[in-house]
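Please walk me through this protein model, beginning with its charged side-chain pairs and going on to its sheets, its cavities and its backbone.

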Amino acid sequence: MARTTPPRPVNMAEVFPELAGMTRTTTRLHPRRGDPTVERSSVGGPLLWPVEEPWPRCHDCHHNKYGFAPELTSLHEVRAARGLVTGEPSPLSAEDLETLRRSKEGVPVAEHALSPMPLLPVAQLYATEIPDLVCPPGADLLQVLWCPFDHEDDYTPNVWLYWRRAADIEHVLLEPPEPALVVDEEFVPHPCVLNPERIIEFPPLHLIPQNLAERIRHWEQERHMDYDDDLSIPPGWKVGGWESMWTFRDPIPLGCEQCGSDVEPLLMMEGGNFTPSWRAVEDNAELGEVPDGESHPGVRIGRGYTLQIYCCSRDRRHPCVTAMQ
Ligand SMILES: [Zn+2]
Ligand SMILES: [Zn+2]
């Protein structure tokens with residue numbers, strides 16, 4: 001079903017003509033809970049993964065760095081609580097059972113008990129469906145996977161990108177390995193189908209020349225408008241366009257770890273704080289008062305922040321960079 005973002009209350013390019021040259025297109029994904037298939041774009045859905053390719057695993061330590069013992073949950077328990085379980089759970093290994101049991105007794109998880117951890121599918125994006133998905137040469141499909149734990153560098157899940165040409169995949173891996181145990185069910189997206197919509201957006205204030213940014217701040221106070229929340233970047237999952245604003249900390253300079261080139265925004269994901277003005281016309285009509293959170297992937301980053309995934313501007317196949325913003 002199409003989703004339509006309501007028009008903004010004012011066109012910023014008319015108020016500040018300098019902004020007219022700074023617009024970008026972005027594709028809002030509008031993920032909604034459903035039953036995605038490997039042939040379509042999705043969040044938290046099955047991947048078109050070639051059967052002959054080993055499933056990736058995270059070898060980082062998944063130890064308790066916070067000084068308290070987070071309780072582990074089995075993926076089966078997470079799905080059962082969501083009413084998504086149809087058959088029997090795949091049996092846990094003796095080692096996982098022991099780790100789970102000790103965790104529920106409050107015993108901190110040993111440093112290497114959860115390594116290597118099979119990755120979890122987060123998103124699958126076909127360029128034919130997502131207009132702002134720019135693929136490296138020869139590719140038309142992006143698969144995003146993560147390790148559903150906090151990791152040391154940024155207290156976020158480790159993210160891996162796989163660029164593919166869909167036509168190259170002859171036989172699909174039907175039952176990929178899964179992490180048997182997770183700490184936080186908010187790192188397990190509900191399966192969602194996508195309803196891509198391309199819109200125009202304006203840059204976040206920190207990327208606007210200071211003099212102009214100050215004039216916008218002054219203007220929004222006078223007019224009781226909110227540039228950050230209502231006039232620049234839409235909330236939620238989106239591809240391309242501008243990076244999200246930085247909310248709880250100042251912007252950090254980022255670059256490609258492989259070649260040092262600049263990075264550019266690829267995928268933004270967010271689970272909380274949906275500004276009502278961006279709610280799609282169809283959602284208002286269909287869902288009425290139902291909160292957005294109940295129909296969305298249910299992913300939560302930190303205290304409801306955004307996870308912005310960037311890729312190298314020179315070669316999109318270089319390892320991605322992520323930032324909680
Ligand atoms: Zn990991
Ligand atoms: Zn690079």
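A salt bridge is taken here as a side-chain nitrogen of Lys or Arg lying within 4 Å of a carboxyl oxygen of Asp or Glu. The model is a predicted one, and by this rule the count comes to 16 salt bridges. Glu-129 and Arg-40 form one of them, with their closest N and O atoms 2.3 Å apart. This pair joins distant parts of the chain, since Glu-129 belongs to the loop between strand E7 (120-126) and strand E8 (141-147), while Arg-40 belongs to the loop between strand E2 (32-33) and strand E3 (42-43), 89 residues apart.

A further salt bridge is made by Glu-77 and Lys-104, whose closest N and O atoms are 3.8 Å apart. Here the link is between two helices, with Glu-77 in helix H2 (residues 75-81) and Lys-104 in helix H3 (residues 94-104), 27 residues apart. Glu-77 counts as partly exposed because its relative accessibility is 34%, a value that falls between the limits of 20% for buried and 50% for exposed. Lys-104, with a relative accessible area of 38%, is partly exposed too.

Helix H2 also holds Arg-79, whose side chain meets that of Glu-178 in a salt bridge with an N to O distance of 2.7 Å. Because Arg-79 lies in helix H2 and Glu-178 in the loop between strand E9 (158-164) and strand E10 (181-182), the pair ties together parts that are 99 residues apart in sequence. Both partners are partly exposed, Arg-79 at 28% relative accessibility and Glu-178 with a relative accessible area of 36%.

Arg-79 appears again in the surroundings of Val-85, a residue found in the loop between H2 and H3. When neighbours within four places in sequence are left aside, Val-85 is in contact with His-76, Arg-79 and Ala-80. Val-85 counts as partly exposed, because its relative accessibility is 31%.

From the helices and loops we can turn to the sheets. Strands of a sheet pair through backbone hydrogen bonds, and this pairing may be parallel or antiparallel. One open sheet has six strands in the order E2-E11-E3-E7-E8-E9, with antiparallel pairing, and its edge strands are E2 and E9, each of which pairs on one side only. Within this sheet, E3 is joined by two bridges to strand E11 (residues 192-193), the two running antiparallel, and Val-43 has Cys-192 in E11 as its bridge partner.

Another open sheet is formed by six strands in the order E12-E1-E13-E14-E15-E16, and here too the pairing is antiparallel. The edge strands, each pairing on one side only, are E12 and strand E16 (321-324). On one side, strand E1 (residues 24-28) is joined by five bridges to strand E12 (residues 197-201), the two running antiparallel, with Thr-26 standing opposite Ile-199 in E12. E1 is also joined to strand E13 (residues 238-239), by two bridges and again in antiparallel fashion; Thr-27 stands opposite Val-239, and Arg-28 stands opposite Lys-238.

Arg-28 leads on to the internal spaces of the model. How many cavities of 30 Å³ or more does a search of the whole structure find? The search finds two, and the largest cavity holds about 120 Å³ of space. Of the 16 residues that line the largest cavity, those closest to its centre are Arg-28, His-30, Arg-32, Phe-274 and His-296. By class, this lining has seven nonpolar, four polar and five charged residues. Arg-32, one of the central lining residues, is also linked with Arg-3 and Asp-283 in a network of salt bridges.

His-30, another of these lining residues, has a backbone feature that deserves a check. Most residues other than glycine have a negative phi. His-30, although not a glycine, has a positive phi of about 45 degrees, and its place is in the loop between E1 and E2. His-30 is buried, because its relative accessible area of 4% is under the 20% limit.

His-224 likewise has a positive phi, of about 55 degrees, without being a glycine. The place of His-224 is in the loop between helix H4 (210-223) and helix H5 (227-232). Whereas His-30 is buried, His-224 counts as exposed, because its relative accessibility is 73%.

Definitions and conventions: Residues numbered from 1 in each chain as written. Chains lettered and ligands numbered in written order. Predicted model: local features only at pLDDT ≥ 70, side-chain atom pairs only at ≥ 80, totals over all residues. Heavy atoms only, no water. Helix = DSSP H or I, 4+ residues; strand = E, 2+ residues; numbered from the N terminus. Buried < 20%, exposed > 50% of the residue type's maximum accessible area, 1.4 Å probe, protein only. Pairing = 2+ DSSP bridges. Contact = heavy atoms within 4.5 Å. 1 Å grid on protein atoms, 1.4 Å probe; cavity = no way out; pocket = protein on both sides within 12 Å on 5 of 7 lines; lining within 4 Å. Points joined across faces, edges and corners; volume = space filled by probe spheres on them. Nonpolar A, V, L, I, M, F, W, Y, C, P; charged D, E, K, R; others polar.
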